[in-house]
Amino acid sequence: MRYTGPKVRLSRRAGVPLTRKAVKYFEKRPYPPGEHGRRVRRSTSDYAVRQAEKQKLRWYYDLSEKQLARVYENAKKRPGRTGEEMIAELELRLATVLLRAGFAASIYAARQFINHGHITVDGKKVDIPSYQVKPGQIVSVREKSRKLVPFIEAAEGVHADEKIASYLAVSHKDLTIAVVDRPKREQVPVPFDEQLVVEYYAR
């Protein structure tokens with residue numbers, strides 16, 4: 001199952017802010033949630049460390065256990081390093097592409113936009129957040145959705161990072177995203193050690 005509870009609480013459990021909104025809250029309370037959060041002793045066994053890193057990656061991309069395991073299996077089949085291929089596949093999910101382009105404030109909002117039919121790929125409506133976008137494809141907001149407040153904000157660059165991912169060519173004004181290349185690990189700003197996740201699944 002995917003986590004559906006409070007996202008700030010989830011960030012505190014993970015030990016890192018998982019959304020932009022969580023950053024300021026996390027700075028004030030950088031300890032686990034709950035009455036005894038400040039005093040909780042975390043297990044430091046190799047298994048616990050790998051499992052914690054897997055959970056952070058899963059929560060960051062808003063995946064179920066089954067989905068992340070499938071990403072790992074797919075990555076193993078590719079010729080590159082498994083961890084880097086996992087990150088590349090996760091970054092090319094349609095929901096993540098919207099987030100990286102600044103079309104959504106969070107991965108959760110991106111999922112909702114896609115589920116509600118606001119997004120197209122190469123001119124065709126796609127309502128599957130996990131859809132794998134390929135280099136050369138164009139992601140757009142449907143014409144009839146562009147007058148909605150979230151997309152007016154997106155067109156103004158409200159949710160955009162200072163630097164857009166270099167594997168994307170983004171036009172906020174036109175609400176379009178071109179996927180230029182398959183992401184390389186150094187281009188992806190996720191603060192996780194994907195090798196620990198690979199070790200978790202390979203155990």
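**Salt bridges, helices and a sheet in a predicted model**

Q: Which residue forms a salt bridge with arginine 78 in this predicted model?
A: The closest N and O atoms of the pair are 2.8 Å apart. Arginine 78 is partly exposed, at 37% relative accessibility. Its partner counts as buried, at 14%. That partner is glutamate 85.

Q: Which residues are joined into one network by salt bridges that share partners?
A: Some salt bridges have partners in common. Such bridges link three residues into one network. They are Lys54, Arg58 and Glu65.

Q: How many salt bridges does a search of the whole structure find?
A: Side chains of opposite charge can pair when their charged atoms come close. Here a salt bridge needs a Lys or Arg side-chain nitrogen within 4 Å of an Asp or Glu carboxyl oxygen. Searching the whole structure on that basis gives a count of 12.

Q: How many residues apart in sequence are the parts tied together by glutamate 199 and arginine 50?
A: The two side chains meet in a salt bridge, at 3.0 Å from N to O. Glutamate 199 lies in helix H9 and arginine 50 in helix H3, so the pair ties together distant stretches of sequence. Glutamate 199 is partly exposed at 29% relative accessibility, and arginine 50 is partly exposed at 27%. The separation in sequence is 149 residues.

Q: Are lysine 56 and glutamate 53 buried or exposed?
A: Their side chains form a salt bridge, at 3.1 Å from N to O. They sit 3 residues apart in helix H3, so about one helical turn separates them. Buried means under 20% relative accessible area. Both residues are buried.

Q: What distance does helix H3 reach from its first C-alpha to its last?
A: H3 covers residues 46–61 and has 16 residues. At 1.5 Å a residue, the expected span is 22 Å. The computed reach is close to that, at 23 Å.

Q: Which residue just after H3 takes a positive phi?
A: The angle is about 60°. The residue is not a glycine. Its place is the loop between H3 and helix H4, and it counts as buried at 4% relative accessibility. It is aspartate 62.

Q: Where does aspartate 122 lie?
A: Aspartate 122 has a positive phi of about 55°, although it is not a glycine. It is partly exposed, with a relative accessible area of 44%. Its place is the loop between S1 and strand S2.

Q: Which strands stand at the edges of the sheet?
A: The 5 strands form an open sheet, ordered S2-S1-S3-S5-S4, with antiparallel pairing. Each edge strand has a single partner, so one side of each is left without a neighbour in the sheet. The edge strands are S2 and S4.

Q: Which residue in S3 is the bridge partner of valine 121?
A: Strands S1 and S3 pair in the antiparallel sense over 3 bridges. In one of these pairs, isoleucine 119 has valine 141 as its partner in S3. For valine 121, the partner is valine 139.

Q: Which residue in S5 is the bridge partner of serine 140?
A: S3 also pairs with S5. This pairing is antiparallel, over 3 bridges. The partner of serine 140 is threonine 176.

Q: At about what angle does H6 run to S4?
A: H6 spans residues 94–101, and 8 of its 8 residues are buried. Among them are Leu94, Val97 and Arg100. The helix lies across S1, S3, S4 and S5. Its angle to S4 is about 60°.

Q: What separates the C-alpha atoms of histidine 118 and arginine 146?
A: Histidine 118 is in the loop between helix H7 and S1, and it counts as buried at 15% relative accessibility. Its contacts include Phe113, Ser140 and Phe151. Arginine 146 is 28 residues away along the chain. The C-alpha separation is 8.6 Å.

Q: What percentage of the residues in the protein chain are buried?
A: The chain has 9 helices and 5 strands. It exposes about 11,200 Å², with carbon and sulfur atoms supplying 49% of that area. Of its 203 residues, the buried share is 48%.

Note on methods
Residues numbered from 1 in each chain as written. Predicted model: local features only at pLDDT ≥ 70, side-chain atom pairs only at ≥ 80, totals over all residues. Heavy atoms only, no water. Pairing = 2+ DSSP bridges. Helix = DSSP H or I, 4+ residues; strand = E, 2+ residues; numbered from the N terminus. Buried < 20%, exposed > 50% of the residue type's maximum accessible area, 1.4 Å probe, protein only. Expected span 1.5 Å × (residues − 1). Contact = heavy atoms within 4.5 Å. Axes fitted to C-alpha atoms, helices over the stretch in contact; angles between N-to-C directions. Areas by Shrake-Rupley, 256 points an atom, 1.4 Å probe, with all protein chains shown as cover. Lists of a residue's contacts leave out its neighbours within four places in sequence.
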